[in-house]
Amino acid sequence: MEMMRDRAVASSNVFEVLTVAGIVLTSFVAGAGATFWPALTVVVPLVFLGITQSAYSVVRGNLILAMVFALAPLPSIIPRGLTVASGYIFWVDVLLALAVLIVFAEVRSRRTLSAIVVTGLTLSLFLLYGLVNGAPLGNALADLRGPFRLAATTIVVWWLLRAEFERTYKVVARVVFAIIIWTAIVVALVSFAGTTAFPIRAASAALYTAGQSAVYDAIRVTPDSGLLCVMVSAALFACWLVRVETGFSIWVRAAIAGSGIFVGVMSFTRSYIIVFVIILAGAAFLSRARVEAFLRVVWLLAGSATILASLYLIGSLFSAGLHSLVSSVGDAFGGRVFGGLGTETLRGDSSTIWRLRENAWAWASFTSNWPLGTGFGVPYRGYQHGEIFAGGRGLLYVHSAYLWILVKAGVVGLIICVWSLASVVYLSLKRVSAVRPMVSRVFGLLLLGLAVQMVTSPTLFEAGNSVASGLLFGALLAISSGTGLSDYGEGNPGFDLAKVGAHR
């Protein structure tokens, strides 16, 4: 009986993998040929999936497609949504909305149903409040998009993990890994081959300071999945340092970590490096075998330095192009990232100066509208001298996530957001720490890195990062409800994240 059950599970897994592959292939084919009806990009895969799978698989398929459309750098030929009147509907939002509706129909707990309804009403309140305050509908929906994706992804991931933890964990992890590797490939193509087939931000790496500027030969590429790549790489290294099993082989982890670091390096983004260092150093410091962990860090840095030096020497000996390429990346990284973190440089950095001015305008808007903020879609400032944004996007955009919520939703929105997220984080870390302290510390370091990143970016409310953040908070929400943690006590040396919720 046990053998038959294992075969049935294996067959189901194979069938689901083939189904997902069919969905992705269908999406690309439909997107490439949907000149007159782009809706085929989502309609065809959804119909295909709905006919062949259960409610859980339909929701999981929606989540996978939403992750791909939100985070993976897709070719320009693939439509991201559908133009309706003067607005634009993104497939990500359609997929997540359908998934939440299915979850709502399947859930039987009144407490859970109430939580979903309250979340929807809260978002609708600030949307309507913005419209009442004169926000154009397009702007209001643009501001709503990030919070909706964060809430919807969290709900969907929580529901899937509660129902089928091990399968959901492995499927979502593999999709994340595939997105990271694909992002690294696209970044390499854009940076080194100069391809323009992807709608991805790319420009010369530069550092502008008062009175002077440094423009480097390397190309700075900043995909929507950049932060995901860096944090997953840091998480894998943190698990390695504190000896937490992830359920994947060392070669898979090495490939993912290397790809993520490559994406982070080629973005030449200072905050990414700060987040990576915080997570890595924190894991080494919090490890029980602290000396061993620090020796592993030294080994890691020495190995990385050896690889880079080897590339440099090989390029010098055999390829002038490779030598020039490695040198340009090294110069840009050293100048823009390490050099850009100096105190004097930060004081004169045009980006830092602009963000400080932006923070002042955002704070002034909050103090004038502190109870409920401006609502979604209402500009919090006018056009300014030295405006860095094209069009009116900058009038809505706030680089700090903390100021973003204060400006858009005021004190009421801040209390709702902090209470919701803090309660999930507290309960989940409390439950995990009771059975596996090292796992709770890894989660804690990820949250600390996210909190630091949010100082300079509205991470939770950005189009791509909101989905990535929802994956993390959905997992924490599932853990906070005690999914299977009782089976894994402190004395169990075989603890595996892939099995942490396999039993309920």
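Here is a walk through the salt bridges and the enclosed space of this structure, which is a predicted model.

A little bookkeeping to start: residues are numbered from 1 along each chain as its sequence is written, and side-chain values use heavy atoms, with hydrogens and water left out. Local features need pLDDT of at least 70, side-chain atom pairs count only at pLDDT 80 or more, and totals for chains, interfaces and linings use all residues.

Let's begin with the charged pairs. Take a salt bridge to be a side-chain nitrogen of Lys or Arg within 4 Å of a carboxyl oxygen of Asp or Glu, and the count comes to five. One of them joins R60 to E164, with the closest N and O atoms 2.9 Å apart. R60 sits in helix 3 (residues 55–71) and E164 in the loop between helix 6 (137–163) and helix 7 (165–193), so this pair ties together parts that are 104 residues apart in sequence. (Helices here are DSSP runs of H or I, at least four residues, numbered from the N terminus.) At 1% relative accessibility R60 is buried, while E164 is partly exposed at 25%; buried means under 20% relative accessible area, exposed over 50%, and partly exposed in between, using a 1.4 Å probe and protein chains only.

Next, look at K408 and D143, whose closest N and O atoms are 3.0 Å apart in another salt bridge. This one links distant parts of the chain, with K408 in helix 15 (residues 401–435) and D143 in helix 6, 265 residues apart. Both partners are buried.

E166 and K170 make a more local story: they both lie in helix 7, four residues apart, about one turn of the helix. Their salt bridge has its closest N and O atoms at 3.4 Å. E166 is partly exposed at 27%, and K170 is partly exposed at 26%. Finally, D93, R145 and R149 are linked in a network of salt bridges.

Now for the empty space. A cavity is a set of points on a 1 Å grid over the protein atoms alone where a 1.4 Å probe fits but cannot get out. Three cavities of 30 Å³ or more turn up, and the largest has a volume of about 830 Å³, that being the space filled by probe spheres set on the points, which are joined across faces, edges and corners. It is lined by 33 residues (an atom within 4 Å of a point), and the closest to its centre are V232, F443, L446, L471 and L472. Helix 6, helix 7, helix 8 (226–242), helix 16 (437–453) and helix 17 (463–480) each supply at least two residues of that lining.

How values were computed:
1 Å grid on protein atoms, 1.4 Å probe; cavity = no way out; pocket = protein on both sides within 12 Å on 5 of 7 lines; lining within 4 Å.
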